[in-house]
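Here's a quick briefing to read with the model open beside you. It goes from one residue out to the whole chain, then back to a few spots worth a look.

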Amino acid sequence: MTHDIVDQIAGVTPELDALRRRRPVTREQLQASFDALFQPVSVEHVSQEERELIAAFATSLAGSTDETAAFYADRARQADSGRAGVVLAEAAAATTSGPFGSYTELGLQDENTEGQRYTPSAAVTAALGERLSAALAHTHLLVLRPREAAGADLGRLLDAGWSADGIVTLSQLVSFLAFQQRVVTGLRVLAATGIAAAATSAAESDAEEEAA
């Protein structure tokens with residue numbers, strides 16, 4: 001079995017593998033990013049459990065049937081089964097279409113859109129702890145209404161016990177997951193529509209013509 005996480009989630013086929021081999025640097029960097037974030041040298045600022053729970057929440061905002069969301073939900077349950085249930089329930093309740101939000105720039109305010117904002121309840125904060133609850137709220141902000149992110153949001157994380165290094169890691173984690181999720185979705189669409197097989201066949205034909 002392949003150790004490449006995108007391959008595992010997408011269900012790599014020979015055709016998809018051939019396509020991904022045409023962008024080896026992107027493939028290697030995606031896996032290296034996963035390793036750095038989920039197999040870190042140090043968990044001093046963000047624990048392993050927090051990484052898994054935040055990943056499950058972030059990816060599940062796309063819906064529980066999403067393959068990437070299912071992958072991280074399983075990891076979260078293995079890492080912290082008690083809190084994973086709460087986190088996944090919160091993600092299901094907070095799922096909405098996006099991105100949305102309000103721009104601060106006057107020239108862009110005609111593009112403001114409304115959507116569901118997420119704030120953990122007192123009961124959820126009691127179950128998850130203030131630190132993780134603040135991280136989930138910030139994750140929802142970054143995923144669904146990034147145009148509203150401001151310094152005050154970082155202040156709320158600091159107040160909840162997050163260090164500057166931890167906030168950087170949290171932001172990197174959410175950014176990576178969004179990109180990885182888009183890659184997996186794209187690969188699965190290519191496979192489902194047969195485009196991957198057609199593209200691989202065309203590439204092989206071109207290679208044969210060049211060799212001739």
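**Starting from Leu177**

Leu177 is buried, because its relative accessible area is 1% and anything under 20% counts as buried. Leu177 sits in helix α10. Bear in mind as you read that this is a predicted model.

**Around Leu177**

- Which residues does Leu177 touch, not counting residues up to four places away in sequence? They are Phe38, Ala55, Ala58, Thr59 and Tyr72.
- Val143 is 34 residues away from Leu177 along the chain, and their C-alpha atoms are separated by 9.7 Å.
- Leu177 is also among the residues that touch the most other members of the largest nonpolar core.

**The whole chain**

- The secondary structure is 11 helices and zero strands, so reading along the sequence you get α-α-α-α-α-α-α-α-α-α-α.
- The protein has 212 residues, and 39% of them count as buried.
- If you take contacts between residues at least 6 apart in sequence, 68% of them join residues at least 24 apart.
- The accessible surface comes to about 11,100 Å², and carbon and sulfur atoms account for 54% of that.

**How far to trust it**

- The average pLDDT is 87, and 86% of the residues score at least 70.
- Residues 202-212 are another story: the pLDDT there is below 50. Beyond near neighbours in sequence, this stretch has one contact in the model.
- Where pLDDT is low, the predicted coordinates should not be read in detail.

**The nonpolar core**

- The largest nonpolar core has 47 residues. Those touching the most other members are Phe38, Ile54, Tyr72, Leu136, Trp162, Phe176 and Leu177.
- Helices that each supply at least two residues of this core are α1 (5-10), α3 (24-38), α4, α5, α6, α7, α8 and α10.
- The largest share of the core, nine residues, comes from α10.

**Helix α10**

- Helix α10 runs over residues 164-193. With 30 residues at 1.5 Å a residue, α10 should span 44 Å, and its end C-alpha atoms are 44 Å apart, so the two agree.
- Just after α10 comes Gly194, which takes a positive phi of about 85°.
- Is Thr169, another α10 residue, buried or exposed? Thr169 is buried, because its relative accessible area of 16% falls under the 20% cut-off.
- Leaving out residues up to four places away in sequence, Thr169 touches Leu37, Val46 and Arg51.
- Leu187 is in α10 too, and it counts as buried at 10% relative accessibility.
- With the four places on either side in sequence set aside, Leu187 touches Val6, Ala10, Leu16 and Arg20.
- Leu187 and Leu19 are 168 residues apart along the chain, yet their C-alpha atoms are separated by 9.3 Å.

**Helix α6, one face in and one face out**

- Helix α6 covers residues 81-94. Its 14 residues should span 20 Å at 1.5 Å a residue, and the end C-alpha atoms are 20 Å apart, which agrees.
- Which residues of α6 are buried? They are Ala84, Val87, Leu88, Glu90, Ala91 and Ala94.
- Looking down the axis of α6, the buried residues fall within an arc of 160°, so they line one face of the helix.
- Turned away from that buried side is a face carrying the exposed residues Ser81, Gly82, Ala92 and Ala93.
- The cover over the buried residues of α6 includes α4 (48-60), α5 (67-79), α7 (122-128) and α8 (130-144).

**Glu52, a buried glutamate**

- Glu52 lies in helix α4. At 4% relative accessibility, Glu52 counts as buried, because the cut-off is 20%.
- Setting aside residues up to four places away in sequence, Glu52 touches Phe38, Tyr72, Arg75, Ala76 and Ala79.
- Phe38 and Tyr72 are contacts of Glu52, and they turn up among the contacts of Leu177 as well.

Methods:
Residues are numbered from 1 along each chain as its sequence is written. This is a predicted model: local features need pLDDT of at least 70, side-chain atom pairs count only at pLDDT 80 or more; totals for chains, interfaces and linings use all residues. Side-chain values use heavy atoms; hydrogens and water are left out. Helices (H or I, at least four residues) and strands (E, at least two) are DSSP runs, numbered from the N terminus. Buried means under 20% relative accessible area, exposed over 50%, partly exposed in between (1.4 Å probe, protein chains only). Contact means heavy atoms within 4.5 Å. The expected span of a helix is 1.5 Å times one less than its number of residues. The arc is that of the directions from the helix axis to the C-beta atoms. Accessible areas come from the Shrake-Rupley method with a 1.4 Å probe; for residues, only the protein chains shown count as cover. pLDDT is the predictor's confidence in each residue, from 0 to 100. A nonpolar core is a set of buried Ala, Val, Leu, Ile, Met, Phe, Trp, Tyr and Cys residues joined through side-chain atoms within 4.5 Å.
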